[in-house]
Amino acid sequence: MSQTTPEHQSITAASFRVLGFLHNRLWGRIVLGLALAALVLIFKKFAIEHRSGYEEARLWTYEQIQSVLSNQNPTQSPVQIVDISHMPKQSGKKVAVTGIDDNESATSRASLKNLLTKIAQSGARSIGVDVDFSPDDQGNPITLDDAEFLKDCEKLSKETGVPIFFGVDRHAAGPKAEWLGSIEHVGLAAGLGIGNEKVQGPANEMSGHVDEVLRMFSWTKSEPKFIPLPSIAYALATANHPESQELPSGLSWAIEFKSEFAPDPALETVGFLVDYRLLLPLRKTALPYTKVATSPPQTFTGKVVILGVVNLFKDDGRILKRGDDLFRVPSRSGLYSGVLLHGCAVDTLIDSPLREWTLLGGVVADFALALFAIGLVEFAGWFLYGRHGKKHHHFRIHWSVTAVIAVAIGAVAIPFVGTFRLAWDDASFVALGLIAHTGLDHILGNAVHKHEPPSHHETEPPAPIDPTPPEDAPTTP
């Protein structure tokens with residue numbers, strides 16, 4: 001059995017004297033409280049965040065956030081989807097013969113041109129085509145008409161002032177000259193990539209067995225020397241309309257709506273959370289391409305118009321492939337076409353950005369909650385006991401305040417996400433951290449009081465009782 005040395009006992013006693021000195025003063029309790037908060041935060045960062053349970057809790061939180069958002073009454077959408085599922089296909093003699101699995105399904109360029117002309121002349125805000133126009137694996141254009149088609153569309157865009165973007169998928173990670181087969185058409189290119197785990201590799205925001213799309217790309221690039229390829233949603237939302245500052249610049253250090261994430265180790269990208277509240281409304285209002293010619297101009301005026309194949313299937317647990325163009329999203333049970341996700345991403349960027357804490361902002365928020373809890377405890381103790389000179393029931397008040405704040409976090413973080421537009425994905429862990437902070441403070445307080453030297457009146461022996469009664473006391477006969 002080991003014995004404590006006198007030196008160790010002296011160091012322990014000195015440590016508890018310092019802790020007792022701090023614990024018996026208001027400023028000292030604040031310092032100790034923030035130090036305990038730092039310990040809890042460090043433990044959360046290095047011992048919890050990398051565990052599967054933490055990721056599952058975040059995914060569950062995102063699902064609840066999307067459920068809340070989907071229950072809100074949708075406003076008028078800035079997006080109009082045009083369904084080109086049954087548009088005529090290009091003649092087989094004009095389609096590339098190598099590198100493409102489904103050459104015969106190349107969408108008719110002539111039909112697309114007629115469609116784009118009608119929409120652009122109607123005063124659309126911007127137009128995107130959710131079809132991969134990048135060359136095949138051998139560098140050949142998908143159809144022999146592609147070069148002329150892209151030139152005509154570029155001319156149409158300049159004449160009408162409506163930006164037009166064509167999808168790039170096969171060569172999205174390559175240099176800009178490969179995006180649409182020529183350096184001349186770089187301004188028309190936009191990436192079709194969607195951050196789905198089964199399609200483009202696992203992301204930090206996803207656990208290995210879940211492939212729900214939480215974030216979508218703002219831009220991507222695979223080499224430092226390459227220029228970034230904007231995603232089709234980001235290009236459409238910001239074309240001729242610079243990205244608005246939805247928050248004062250003074251808060252950018254604490255809150256952000258775009259952040260880096262890594263769906264593939266070789267891919268550098270920035271992405272943003274997507275609000276899927278318009279997922280079903282966009283599906284219901286999708287306009288068949290056959291009705292575009294007879295639609296009034298106001299159908300497209302001021303709208304972001306996206307052309308693509310619109311499908312909605314029951315989720316049967318299939319393993320999704322790149323060519324399926326189907327995706328899973330949080331809180332939804334079906335499989336949705338990529339064009340619908342792009343539409344929701346555009347709406348998010350234009351009207352309803354979902355913000356997150358930055359790393360520094362999250363740390364400051366944790367410390368601010370701890371400091372608020374300490375201040376509330378001290379005020380409650382003074383109000384209930386201190387101002388009347390009564391005993392300060394510190395721990396009882398501390399646990400009560402902790403419970404109130406923890407419940408308040410749960411009652412605000414998810415139900416009011418539509419109001420604050422802040423996706424606080426680890427709010428539950430912050431609440432648990434406050435509870436752990438209170439427990440540590442309780443343990444520390446008990447240890448400090450246990451090692452405090454007895455007060456002066458406790459060290460003096462009690463005065464002896466004189467058995468002799470006073471002279472004027474009555475005597476018993």
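**Exercise 1. Find what the salt bridge between Asp426 and Lys44 joins, and say whether its two residues are buried or exposed.**

Step 1. In this predicted model, Asp426 and Lys44 form a salt bridge whose closest N and O atoms are 3.0 Å apart.

Step 2. Asp426 sits in the loop between α13 (417-420) and α14 (427-451), while Lys44 belongs to helix α2 (residues 26-48), so the pair ties together parts that are 382 residues apart in sequence.

Step 3. Buried means under 20% relative accessible area. Asp426 has 12% and is therefore buried. Lys44, at 10%, also counts as buried.

Step 4. Asp426 and Lys44 belong to a network of salt bridges that includes Lys45 and Glu49. The structure holds 13 salt bridges.

**Exercise 2. Describe the salt bridge of Asp425 and that of Asp152.**

Step 1. As background, side chains of opposite charge can pair when their charged atoms come close.

Step 2. Asp425 pairs with Arg58, and the closest N and O atoms are 2.3 Å apart. Asp425 is in the loop between α13 and α14 and Arg58 in helix α3 (residues 52-70), so parts 367 residues apart in sequence are tied together. Both residues are buried.

Step 3. Asp152 pairs with Lys113, with 3.1 Å between the closest N and O atoms. This pair links distant parts of the chain, as Asp152 is in helix α5 (residues 146-160) and Lys113 in helix α4, 39 residues apart.

Step 4. Asp152 has a relative accessible area of 24% and is partly exposed. Lys113, at 36%, is partly exposed.

**Exercise 3. Work out the surroundings of Thr348.**

Step 1. Thr348 is placed in helix α10 (residues 338-350). Its relative accessibility is 0%, so Thr348 counts as buried.

Step 2. The side chain of Thr348 has a polar atom 2.9 Å from the backbone oxygen of Cys344. The Thr348 side chain also reaches the backbone nitrogen of Asp275, at 2.9 Å.

Step 3. Leaving out residues up to four places away in sequence, Thr348 touches Phe272, Leu273, Val274, Asp275, Pro353 and Leu354.

**Exercise 4. Do the same for Ser122, a loop residue.**

Step 1. Ser122 lies between α4 (109-121) and β2 (126-132). With a relative accessible area of 9%, Ser122 is buried.

Step 2. A polar atom of the Ser122 side chain is 2.8 Å from the backbone oxygen of Lys118.

Step 3. Apart from neighbours within four places in sequence, Ser122 is in contact with Pro297, Phe300 and Thr301.

**Exercise 5. Which residues make the nonpolar surface patch?**

Step 1. Phe372, Leu376, Phe379, Trp382, Phe383 and Leu384 make a patch of about 610 Å².

Step 2. Phe372 is found in helix α11 (residues 359-384). Its relative accessible area is 49%, so Phe372 is partly exposed.

Step 3. By contrast, Phe217 in strand β5 (residues 215-221) has a relative accessibility of 4% and counts as buried.

**Exercise 6. Summarise the chain and the confidence of the model.**

Step 1. The chain has 15 helices and 15 strands. Of its 477 residues, 47% count as buried.

Step 2. The average pLDDT is 82, and 81% of the residues score at least 70. Over residues 99-104 the pLDDT is below 50, and this stretch has eleven contacts in the model beyond near neighbours in sequence. Residues 197-204 also have a pLDDT below 50, with 30 such contacts in the model.

Technical notes:
Residues numbered from 1 in each chain as written. Predicted model: local features only at pLDDT ≥ 70, side-chain atom pairs only at ≥ 80, totals over all residues. Heavy atoms only, no water. pLDDT = per-residue confidence, 0-100. Contact = heavy atoms within 4.5 Å. Helix = DSSP H or I, 4+ residues; strand = E, 2+ residues; numbered from the N terminus. Buried < 20%, exposed > 50% of the residue type's maximum accessible area, 1.4 Å probe, protein only. Patch = residues over 30% accessible without salt bridge, like charges linked within 9 Å, V, L, I, M, F, W, Y side chains within 5 Å. Areas by Shrake-Rupley, 256 points an atom, 1.4 Å probe, with all protein chains shown as cover. Salt bridge = Lys/Arg side-chain N within 4 Å of Asp/Glu carboxyl O. Polar contact = N/O pair within 3.5 Å; in protein donor to acceptor, adjacent residues only side chain to side chain.
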